[in-house]
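Visitor: I should like to learn how to read this structure. May I put some questions to you as we look at it together?

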Amino acid sequence: MKVAFVTPRYGPQVMGGAEGAARSLAEHLVADLGHEVEIYTTCAIDHLTWADVLEPGTSQINGVTVHRFRSAAGRAKEFFILDGSIRSAPSAVSMEEGNRWVEANGPVTPELLDALEDSTADVVAFYPYLFYMTVHGIDRVRQPAVLHPAAHDEPALYLKPYRNTFASADAFCYHTRAERHLVERVLPVAETPQIVLGLGTNAEVGRGRSGAEVLGTGDRPYVVCVGRVDEQKGAVMLANFFIEYKRRHPSDLALAFVGPTSSVLPESDDIVITGIVDEEDKWDIIADALVSISPSAMESFSLVVLEGWVKGIPALVNGTCGPTVENCSLSGGGLWFDSYGSFEIALGRLLADSALREQLGAAGQDFVRRTFDWPVLIRRYEAFLEQVIARGRTMPTTSPER
Amino acid sequence: MSDAAVDIDSVRSEIADEVRRRRAGGSFDALKERELEQLFHQYAPLQGRDGALAETLRAVDVTAFIDPHVPVASSQPAGTAIKRGLRKASFWYVNWIATQVTRALSTVARSLHLIDDELTDMRKSLDGLTFSGSPVIELAGAEGPSAWWAESARSLGVQAPGRVLVSACADGWLVSALVSAGVDAYGLDPRSERIMEAEIAGLDLRDDDLLDHLDAVADDRLSGMVLNGTTEALLPAQRRRLLRHIDQVLTHDAVVVIHAVHPDAVDGDDVPAELDLAGARPLRPITWVSLLEDLGFVATVELGPSESDFLVTARRGSPISAP
């Protein structure tokens, strides 16, 4: 089987998110099952600008063939103004305005789309739904198209151009049931073949150092938030919640943000921001955390919550985020908050009750082993793709060859 | 490590009680809490989890207040002092504008709360007439691959030219049989524990309610529908909704299979309690034939061996051919 993935960024420099998930699937298809995988992507690393920084052309990364193309345009300067204007009533925005939003969001990749039409893959997987290459590519491919939406309840999902994007998919691969329910609530695509797959967790590769040693925080106990330090991911909210928590409950507890930084957080002696760290340091930090916090309301899965559970660390997640709440609820591995009040009480309860932490962490650990173990997960994905290929291209395309 | 599982709902309930107790006791700083709530809701989902109107209204309340105290922090050396001066000089103006806007937004927020109250009252009234979801009615001995109607359903499903939906699919036995016969079939069953194993094994099964699912299916996208154990407990409004969906989502040559409890058998001990609790009465087979004929189907009826249940098979546009 030959599989093509279409994704806006690709490579070890890209941490987490949909692009990281695409890379994990691609590499496991190659390494575990011996399939041929090629990637159609850009030369960008930075999701805020989509600036071309990597060389265009074809290369190999961990056995996966990567085709990189320059973008005709990155994120437009007027994007954030346009984005602000569509936020209040996105479903009322015209098709023309919606298309303008897609282009302004970038990256605009006509060369990539031309090359994709010539792909000899048996199936093309688009990951995620949000970007130009998916919107304009999914109805141009001749092969069966799988859409990994990685959808959140965000204004863009309600924009008109995405109706065609979802309608052109031959199958969906969802991270969670909550994501599927969200998509089906917004778009009439419930009959389309689908799988709720989730993501596999990476092997833990810590160096065995104490987390505090990696963080340089001495003997201080800490809670951890792994992922992009971004206002839209709830990082600023969490920092403010934590500062208020510490003001009301003085102690030597610290909060460690672990991940690339794209927003400024309020300064505090109790907050440590590591920036990008390697996998070994990340796992060492997670291992000694008291609680793993996911403040983002906009997650379609949140692998970092699962990584906490791999180490038996309980989770505390944003209660408005359906997928992370679903995983906490299914696993019994975490709690969620929907206000500062519930954050304060839930965090206080977790910190004060080590038995509760252990029980939640153990339940999460068991859940990850049963559900998101890579050998199980990648076989399910393989069988799903084989079914999609057997079913063939069922949705109308605009390809001139059809 | 302890092996005991934590009752998450119970812990969350205790947390919610503690939040209420502390709020009532004035433990939280209301202004600070409002500021933090604004941060929390800034990037919260559009409709909140499960589309909760109350959550959205809470966000409206939080954002209705326009703060006239413009931030003065600056990265430039004299920036803060300059900004503070400007703020002081223009405060009377900004405050006047902010007051007007806050007043207007508060009026809008109040009207939304009144609408929410009205909707809540209406929902309570409607709750007395209906209930969410449609329970599965499973007749003892009439389920699974050895059931008397299984082969008829399978052989008709095989004649469907496209995608086939099986409701109350349980462990996916019929979906699996159809897929093995080359049919593009998938299943629904709200009893998630029943589908889990087959779902992980690769069948397209979902733990969804039939009517909610059909609400999200595009027109003319299904070629067949096997409605097993999902029509008996429908109330009149839900049944009308189902018929509308049968008409709209099925193609012109689609097939329909209905396996249901016979109304003459509802007083028998074999019929599950869910049917009593639903307060609905199953339709007679002849009524289904008539309803389907109104939608352009040609239908036939087969009674089960004990006459406790029946099978209606129908094709749109032309009679069913022999298998």
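Visitor: Does Trp92(B) count as buried or exposed, and why?

Guide: Please bear in mind that this is a predicted model. Trp92(B) lies in helix α4 of chain B, which covers residues 79–127. A residue counts as exposed when its relative accessible area is over 50%. The relative accessibility of Trp92(B) is 63%, so this residue counts as exposed.

Visitor: Which residue offers its backbone oxygen to the side chain of Trp92(B)?

Guide: Here one looks for a nitrogen and an oxygen atom that lie within 3.5 Å of each other, or another such pair of N or O atoms. The side chain of Trp92(B) comes to 3.2 Å from a backbone oxygen, and that oxygen belongs to Ala89(B).

Visitor: How far apart in space are Trp92(B) and Pro68(B), C-alpha to C-alpha?

Guide: Along the sequence, 24 residues separate Trp92(B) and Pro68(B). In space, the distance from C-alpha to C-alpha is 9.2 Å.

Visitor: How many residues of chain B are in contact with chain A?

Guide: Chain A and chain B bury about 4900 Å² between them, and 57% of this area is on carbon and sulfur atoms. On the side of chain A, 59 residues take part in the contact. The number of contacting residues in chain B is 48.

Visitor: Which residue of chain B forms a salt bridge with Arg349(A)?

Guide: The interface of chain A and chain B holds 9 salt bridges by the rule applied. In the case of Arg349(A), the N to O distance is 2.8 Å, and a salt bridge requires a distance within 4 Å. The partner of Arg349(A) is Glu14(B).

Visitor: Which element gives the largest share of the side of chain A that touches chain B?

Guide: Several elements of chain A each supply at least two residues of this side, including α7 (177–186), β8 (194–196) and α15 (374–391). The largest share amounts to 7 residues, and it comes from α13(A).

Visitor: How many residues of the side of chain A that touches chain B are nonpolar?

Guide: The residues of this side divide into three classes. There are 17 polar and 17 charged residues, and the nonpolar residues number 25.

Visitor: What distance does α13(A) reach from its first C-alpha to its last?

Guide: This helix has 13 residues. Among its buried residues are Tyr340(A), Phe343(A) and Leu347(A). At 1.5 Å a residue, the expected span is 18 Å, and α13(A) is close to it, reaching 18 Å.

Visitor: Which residue does a cis peptide bond join to Gly106(A)?

Guide: Most peptide bonds are trans. The bond in question has an omega of about -10 degrees. The residue joined to Gly106(A) lies in the loop between α3 (95–105) and α4 (110–117) of chain A, and it is Pro107(A).

Visitor: What is the value of omega for the cis peptide bond from Tyr127(A) to Pro128(A)?

Guide: Pro128(A) is placed in the loop between β5 (123–126) and α5 (132–137) of chain A. The peptide bond that leads to Pro128(A) from Tyr127(A) is cis, and its omega is near 0 degrees.

Visitor: Does Ala170(B) count as buried or exposed?

Guide: Ala170(B) is found in the loop between β1 (163–167) and α6 (173–180) of chain B. Its phi is positive, about 55 degrees, although Ala170(B) is not a glycine. Buried means under 20% relative accessible area. The relative accessibility of Ala170(B) is 5%, and therefore the residue counts as buried.

Methods
Residues are numbered from 1 along each chain as its sequence is written. Chains are lettered from A and ligands numbered from 1 in the order in which they are written. This is a predicted model: local features need pLDDT of at least 70, side-chain atom pairs count only at pLDDT 80 or more; totals for chains, interfaces and linings use all residues. Side-chain values use heavy atoms; hydrogens and water are left out. Contact means heavy atoms within 4.5 Å. Buried area is the accessible area (1.4 Å probe) that two parts lose on being put together, summed over both. A salt bridge is a side-chain nitrogen of Lys or Arg within 4 Å of a carboxyl oxygen of Asp or Glu. Helices (H or I, at least four residues) and strands (E, at least two) are DSSP runs, numbered from the N terminus. Ala, Val, Leu, Ile, Met, Phe, Trp, Tyr, Cys and Pro count as nonpolar, Asp, Glu, Lys and Arg as charged, and the others, Gly among them, as polar. The expected span of a helix is 1.5 Å times one less than its number of residues. Buried means under 20% relative accessible area, exposed over 50%, partly exposed in between (1.4 Å probe, protein chains only). A polar contact is a pair of N or O atoms within 3.5 Å; within protein, one must be able to donate a hydrogen and the other to accept it, and residues adjacent in sequence count only if both atoms are side-chain atoms.
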